[in-house]
Amino acid sequence: MPFSGEPIVRIEDATIFQDDKTVLNNINLSINKGELVYLVGRTGSGKSSLLKTLYADLPLRLGKIRIATHDIQNIKRKDIPLLRRKLGVVFQDFQLFPDRSVAENIFFVMKATGWKNKAKMKSKLAEVLMRVGLGVVSSKMPHQLSGGEQQRVVIARALINDPLLLIADEPTGNLDPEVSDGIFQTFMEINKGGTSILMATHDYNLIKNYPKRVLKCEKGSILDSNEVELSLFKVS
Ligand SMILES: Nc1ncnc2c1ncn2[C@@H]1O[C@H](COP(=O)(O)OP(=O)(O)OP(=O)(O)O)[C@@H](O)[C@H]1O
């Protein structure tokens, strides 16, 4: 897909801290609308810290980050829900309520993000479940689904507000290789629909099978495969 217009993410001279420790120092990069980008690096290199900063869970203390029309560096508490409505977030651990059905899990987030009309909620539920390749699972409880199916429900939940950017933190981390592959195919379908995706992963098979731009956290910096050749397969 050709990239045009303003980037969806623009990071300028950003330094990311956890407490007093500098995790990533003076980062500069952009992600364009419609891009799918991998984020890699050894454990503790700062992938999750960067993603948390993007969805305003970790305050940005130095530098600038703009996501869509939101400036993260001075975002007000009351504006964080507005930012998050433009983002979809998917984690490795599925984070579904175990005592609620698939539909209830998704309706819960819809209601929390301002949905009110029951008919529209039902039709959106059907749409997002279809987009992630799930059939009639609405009334099932999470424990009645496989790990891969549960992760698809989480992805469906992340799509309810038609996010501009999907942030995924090791979304295939707990899944078998074939299941991971299927989940990644779903991410690629979502990406074809125009949603940008930034995905942290340790799954080098995915990167080998589906080569895309790679950002690598290393020694406090981010290396970009658009600018340098990355030695991906030496990562511990
Ligand atoms: N809540 C926290 N409080 C203090 N330090 C933290 C916190 N979370 C992470 N860190 C530290 O920040 C650094 C970066 O961690 P981060 O979780 O961003 O790495 P990562 O690349 O996502 O690792 P992994 O691949 O294991 O998920 C590490 O040194 C970690 O110990």
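Helix H4 (118-131) and helix H5 are among the elements that cover the buried residues of helix H3. Welcome to this structure, which is a predicted model. Besides these helices, there is an open sheet of four strands and another open sheet of six strands. The points below take the helices, then each sheet, and end with one serine.

**Helix H3 and its surroundings**

- The buried residues of H3 are Val 102, Asn 105, Ile 106 and Phe 107.
- H3 covers residues 102-112 and H5 covers residues 147-158; their axes come within 10 Å and cross at roughly 30°.
- Because angles under 35 degrees count as roughly parallel, H3 and H5 are roughly parallel to each other.
- The crossing of H3 past H5 is right-handed.
- On the H3 side, the contact is made by Val 102, Asn 105, Ile 106 and Val 109, and on the H5 side by Val 153, Ala 156 and Arg 157.
- Sorted by class, this contact of H3 with H5 has five nonpolar residues, one polar residue and one charged residue.
- After H3 comes Gly 114, and the phi of this glycine is positive, near 100°.

**The sheet of four strands**

- The strand order is S2-S1-S4-S5, and the pairing is antiparallel.
- Strand S2 (21-31) and strand S5 (70-71) are the edge strands, each of which pairs on one side only.
- Strand S1 (residues 9-18) runs antiparallel to S2, and seven bridges join the two.
- Ile 16 has Leu 24 in S2 as its bridge partner.
- Helix H1 (residues 47-54) packs on this sheet and touches S1, S2 and strand S4 (62-67), with a direction that makes about 120° with that of S1.

**The sheet of six strands**

- Here the order is S6-S7-S8-S3-S9-S10, and the pairing is mixed.
- Strand S6 (87-91) and strand S10 stand at the edges with a single partner strand each, so one side of each is left without a neighbour in the sheet.
- From one strand to the next, the twist averages 20°.
- S6 and strand S7 (residues 165-169) pair in the parallel sense over five bridges, and Phe 91 stands opposite Asp 169 in S7.
- H1 packs on this sheet too, touching strand S3 (36-40), S7, strand S8 (196-200) and S9; the direction of H1 makes about 150° with that of S7.
- Helix H6 (residues 177-192) lies across S3, S7 and S8, and runs at about 150° to S8.

**The hairpin of S9 and S10**

- Strand S9 (residues 213-218) and strand S10 (residues 221-224) run antiparallel and are joined by four bridges.
- Glu 218 stands opposite Ser 221 in S10.
- The two strands form a hairpin with two residues between them, and Lys 219 in the turn has a positive phi of about 50°.

**Ser 45, a residue to look up**

- Ser 45 can be found in the loop between S3 and H1.
- Ser 45 has 21 C-beta neighbours inside 10 Å and therefore counts as buried, because the cut-off for a buried residue is 20 or more.
- Leaving aside residues up to four places away in sequence, Ser 45 touches Cys 217 and Glu 218.
- Ser 45 and Gly 220 are 175 residues apart along the chain, while their C-alpha atoms are separated by 7.1 Å.

Technical notes:
Residues are numbered from 1 along each chain as its sequence is written. This is a predicted model: local features need pLDDT of at least 70, side-chain atom pairs count only at pLDDT 80 or more; totals for chains, interfaces and linings use all residues. Two strands pair if DSSP finds at least two bridges between them. Axes are lines fitted to C-alpha atoms, for helices over the stretch in contact, and angles run from 0 to 180 degrees between N-to-C directions. Angles under 35 degrees count as roughly parallel, over 145 as roughly antiparallel, 65 to 115 as roughly perpendicular and the rest as oblique. A crossing is left-handed if the near helix is turned anticlockwise from the far one by less than a right angle, and right-handed if clockwise. Two residues are in contact if their C-beta atoms, placed from the backbone, lie within 7 Å. Ala, Val, Leu, Ile, Met, Phe, Trp, Tyr, Cys and Pro count as nonpolar, Asp, Glu, Lys and Arg as charged, and the others, Gly among them, as polar. A residue is buried if 20 or more other C-beta atoms lie within 10 Å of its own, exposed if 12 or fewer, and partly exposed in between; C-beta atoms are placed from the backbone.
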